[in-house]
Each structure stands twice: as C-alpha cells, then as structure tokens.
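This report concerns core packing, helix contacts and domain layout in a predicted model.

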Amino acid sequence: MANSNTAPGVSVTAGGAAAFDRRNFDWYVDKAVQAIVFLCGISAIIFVLGIFVFVTKEGVGFIFEHMNVREFFLTPYWFPSDADDPEFGILALMAGTASVTGLAMLVAIPFSLGAAIYIAEFASGKTRETLKVLVELLAAIPSVVWGFIGLVIMNPLIIKWFDVPVGLCVLNAGIILGLMAAPIMTSIAEDALKAVPDRYREAAEAMGATRWQVTYKVVLPAAKNGLLGGVLLGVGRGFGETMAVLMATGHAVNIPDSIFDSVRALTATIAAELGETVVGGEHYQALFTIGILLFLVTFIVNLSADLIVRGIRKG
Amino acid sequence: MTSANAEMFQASGLNKRNERVQNSYRILFGLMTLMLITPVLLILGTLVAKGGGVISWEFLFTAPTDGMRTGGVLPALLGTIWLVMVALLLSVPIGVCAAIYLSEYAGDNWFTRTINLAIINLAGVPSIVHALFGLGAFVIFFGFGTSILAASLTLAVMTMPVVIVATRESLQAVPQAFREACWNMGATRWQTIRRVVLPNAITGILTGVILEVSRTAGETAPIMFTGAVFFTPFLPESVLDQTMALSLHLFVAATQVPGIAEEVPFGVALVLIALVLTMNSASIAFRMWLRGKKKW
C-alpha cells in the first residue's frame, strides 16, 4: 500500500461526491443479500397468509353454498357422509374440544405454574439445570406417542380404577393433553419469571422478605402478564392438538355429561375423515371450513397472548 | 458477646413463621414439579419394558410382513429420514436467512413486530390446519400430488419457527462490538455477517437445526394427507414418491391393524421416541457445551 491508498471502486481523481462512490462489487453483493434476506424475513408473513388463503379457498364453497350458520354452530348432528341428507352440525365437536381442553388446562395450569416457580425461584445450580432439561425433553415427545399412551396405558388404567366400560374419554384425553401442554407452559412461565429483573428480588430481600414473600409479593405481580401469555399459548396448543385427542377421546360424536363420556374433537374429525372425502365435495369443504375456524381461533389466541406479553414490556 | 447482642440475632416468632411458610411452599412446588415429571418417566419406562423386546436389527431393517402384523419398520424409518432431509433442505436456508434479517437488518418497528407475530402464529396454528394447507397448496394447487415433496414442504413451513428462533438467538448472542469493529474496517454488512457474525453463531444455529430434526420426525398430522401413506411395499426413490413414515406407522399399527401383536406398536413407539429424544438430547448437550466454552 505504499504508492496507492485507493480502495477498488473509489476514484480519487474524480473528486467531489463521486470520490465516495462505494458501488463496487462488494456493494452490489451486499444489496443483493439484503434483498434475499428480506424476502426470507417476510416469508413467515407470506406463509401465514398462504395458510389462510389456501384453507379458505378449499372451504369457501361450503360457507356460501351449503352452510346454514345456525345449523352449523348450534346443532350437534354430524352426519357428513349420509347420502340423502348429510348434516353438518359441529356443536358436539366444539363441546368435545372444549371439554378436553378445559380439563387439560385444569391439570396443566396449576402444575406448570408451580413447577415454573420452583425451577425459577427455589431450585438452583444442578437441580435447576436438570429440571429444565427434563421439562424440555417432555415437550419433545411427539403427539402420536402421547395418543398411543392414552390408548394402551391410560385406557386400561381408567377402566380398572373407575370401573367404567370405556377408558377412552374426556378424562383420558384431558390428562394426556394436560401432560403435553404442561412442559410448554412451564418453560414459557419460567421465562416470564426470569424476565423479572433481579434488582426487584434484591430490593425485597434487603427488606428482610423470605424467598416465598419475594416470589408472592414481588415476582408474581411483575410477571403476571407473561404468565397469562404463557397460559394462553398453552390453551392454543391444547385446542389445536390433533393426534393425541384423535386416539384418546374415543372419537364419538357426543356432548359429554361426565368426564367418562367419549367425545370427538374438531381437529380429530378433520384428521379422521379427510382421507375418505372427495376433493371439492361438500364433506371435504365442510372439513376445510372447520379448518378455517381452527385457524381463526388460534390466531386470536396467539394475538392476544402476544399483546398481553407486550403489555409488560411497555409498562 | 453479651446476651443482648445474641438476642439481636435471634429469630423472632414472625421470622420463624415466615420461614415455615416459605418451606411449605418450597415443598409444595417441588412436589408439583416431581408430579409433572414422574408420570412421564413411568410411561417411558413402560414403553421400554413392553417394546424393548421386539427391538432388533431385524426389526429396524426389514419391511412389515403379513398385512403389517409382523416384520419390521424399515420403509417407515427410511421414509421419515427422507421427509426430514427434504424438509430441512427447504426450511434451514429460508429460516436462517429470516433470522439474519430479523437480527441484523430489521429495526424495532411495527413491521418487525408483524413478522414476529407471524412466526408465533406459524408455530401456533394447529398441525391439522397445516395439513389442510399442504393439501390445498402443495398437493392440489402446485400439483405435486401426494408425495414426499408436498409433505416435506408442509413440514418445512410448520417447523421453520424452530430454526428462526434458535438462529436469531445465537446471532444476537454475538456481541455488537464484534460487528462494529468489522464495520470500522470498511466491511459491508454482508461481509460482516459472513466473516464475523455467522462463524461465531454457527454452532448455535446447528443446535436449532438438530432440534428441528427432532420436531419434524415426530409430526404426524401434517403428513397424513400430503405424502405419507399407511402402507406401501416400495421404498421411496424420488421426492415425488409416496412413502411410509414412523409417526404415521405408529398411528396405523396402534389403531388400524386388527390382530397385530401387542408388542409391535410398542416397538414402533420406542423407535420413534428414541429417535426424537436422542436428537433433542444431542441438541441440549451441544448447547451446554457451547455455553461452557463461550469466550465472551
């Protein structure tokens, strides 16, 4: 660099603004990469829109041509393949999804919040690391394996313990779904607790508060929104779960009277029936309409979870 | 020490009560954590006890015979490997680039928030809705038919958030000073990313990729109508073939095959869960090793 300190593309002789013209090869590469990376960046938005567009495209025919809104939402009669007079009422399916998800949340919310508090506030060192790894591994078990567990392990246990004829019921699927949702909720709740700055805890401890008082009076109120967001995401997961509820609920169209009744969930109905339908037929379109409903509900749940969590960041 | 001083440090009644309350809550929450973990360990133990007997080289490397009542899982195992590989080829490049955009280019504004919301939604939409999307878009609209390609595309869209989130985290863990030093040398943004940011984040990205393998291998609903079939006597040869898959094979063996020996579905479940948990543990171990050797 003894006789020239000009970088490629920088012309000293041109003078003025042109002297700082940086448009060399690397500059163009940089711009090209920026464009590619931007396209990939917005791919998530494109995919979500794509999901909505394609699911709607296949299901919209049913909404406009066959659907009677009252009948669809308010009758429990789901006989989609009746040749003469098919009936499409999803009330019983919604009741099935709601009962299983509800029971799952009764199981999952207290246990996962308790576990999150223990891991984040009480446990330390090796214990905490081990518990976190275990929770993460629990979250990794595929849903079809959970369904299998419901089918072959829980089913005989429920029949034996509660002396009922069928063990594939709301109770079975609720417990399975609760165990599935709990690890996810635990790790989100634990993140929310960890997000509370340590100086809050230190200030409270300096005033002589015990660990529990710090947790109860300081950390929990500060992490409230994050915890609520985590619970909502867990509800979304439970609501959209497919294989496990397909295998563990008994798959009978039924509005449950007790936790020992078999039910059928919205998601499981699609999974079980889509294979038998004719592409473009009424039944096929009705299943896609249920898909639109599932998409919209989870979208709203995720959106509210996000808004709630963002609430704390702002506040 | 006078007795007055000693008294000063004596716990009062209130202190003792607080201590007791704290300890009972510690025990309560500890028990809840245990109750969450123990049943699952018991269940895994049962799977091993009942399915361990059928696992053998023969089980892994032969095809099902006698209407799937006997024989092994080879086509399903190979099918899962195909599906995962093709899905990774699609989701890793796009996911890593998306994370680079979010970490290195995007500002803190409504547009970035919209992208983040879309990522959360992509991960949160029910798997069966992804299946409907895959059927409507890849199988019918783009005309791929029920094939490995269509199923893998569906899986790729569904699991991409895993790669994006893991990559973004490892990119953001690279100190800002590294980038600034590089910019000061006159490097462009891309040169900085390629020479400085990515080499420092690559192992973290790999962790995310392994995690995604484990997620992809376990999914069932998205592949049911897009490319995986209950049974096919052929091994897949191209991305346009249909295939069996381990996860779907477990569903089929557990519910659709009358007269199947009890331990066969247990064996399939064990192979699937061993695959998923091995990949997951590898990812976790890798992450811990990384954390231990981090220099900054």
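The text below goes from the nonpolar core to two helix pairs and then to the domains of one chain.

The largest nonpolar core of this predicted model comprises 189 residues. A:Val145, A:Ile176, B:Leu83, B:Leu122, B:Leu250, B:Ala269 and B:Leu272 have the most contacts inside this core. Its leading contributor is helix H4 (residues 91–122) of chain A, which supplies 17 residues. Leaving aside residues up to four places away in sequence, A:Ile176 is in contact with A:Trp146, A:Ile149, A:Gly150, A:Met154, A:Ala244 and A:Ala248.

Two helix pairs are listed here.

| Helix pair | Axis distance | Crossing angle |
|---|---|---|
| H11(B) (residues 246–255) and H12(B) (residues 263–293) | within 9 Å | roughly 160° |
| H4(A) and H2(B) (residues 13–51) | 8 Å | about 120° |

An angle over 145 degrees counts as roughly antiparallel, and H11(B) and H12(B) are therefore roughly antiparallel to each other. H11(B) contributes B:Leu246, B:Ser247, B:His249, B:Leu250, B:Ala253 and B:Ala254 to the contact, while the residues from H12(B) include B:Val268, B:Ala269 and B:Leu272. H11(B) passes H12(B) in a left-handed crossing.

The second pair joins chain A to chain B: H4(A) and H2(B) are oblique to each other, and their crossing is left-handed. On the H4(A) side the contact includes A:Phe111, A:Gly114 and A:Phe122; on the H2(B) side, B:Arg26, B:Phe29 and B:Leu36 are among the residues involved.

For chain A, the domain assignment gives domain 1 (1–41) and domain 2 (87–314). The C-alpha centres of these two domains of chain A are 53 Å apart.

Note on methods:
Residues numbered from 1 in each chain as written. Chains lettered and ligands numbered in written order. Predicted model: local features only at pLDDT ≥ 70, side-chain atom pairs only at ≥ 80, totals over all residues. Core = buried A, V, L, I, M, F, W, Y, C linked by C-beta atoms within 7 Å. Buried ≥ 20, exposed ≤ 12 C-beta atoms within 10 Å, placed from the backbone. Helix = DSSP H or I, 4+ residues; strand = E, 2+ residues; numbered from the N terminus. Contact = placed C-beta atoms within 7 Å. Domains from an automatic or database assignment. Axes fitted to C-alpha atoms, helices over the stretch in contact; angles between N-to-C directions. Parallel < 35°, antiparallel > 145°, perpendicular 65-115°, else oblique. Left-handed = near helix turned anticlockwise from the far one by under 90°.
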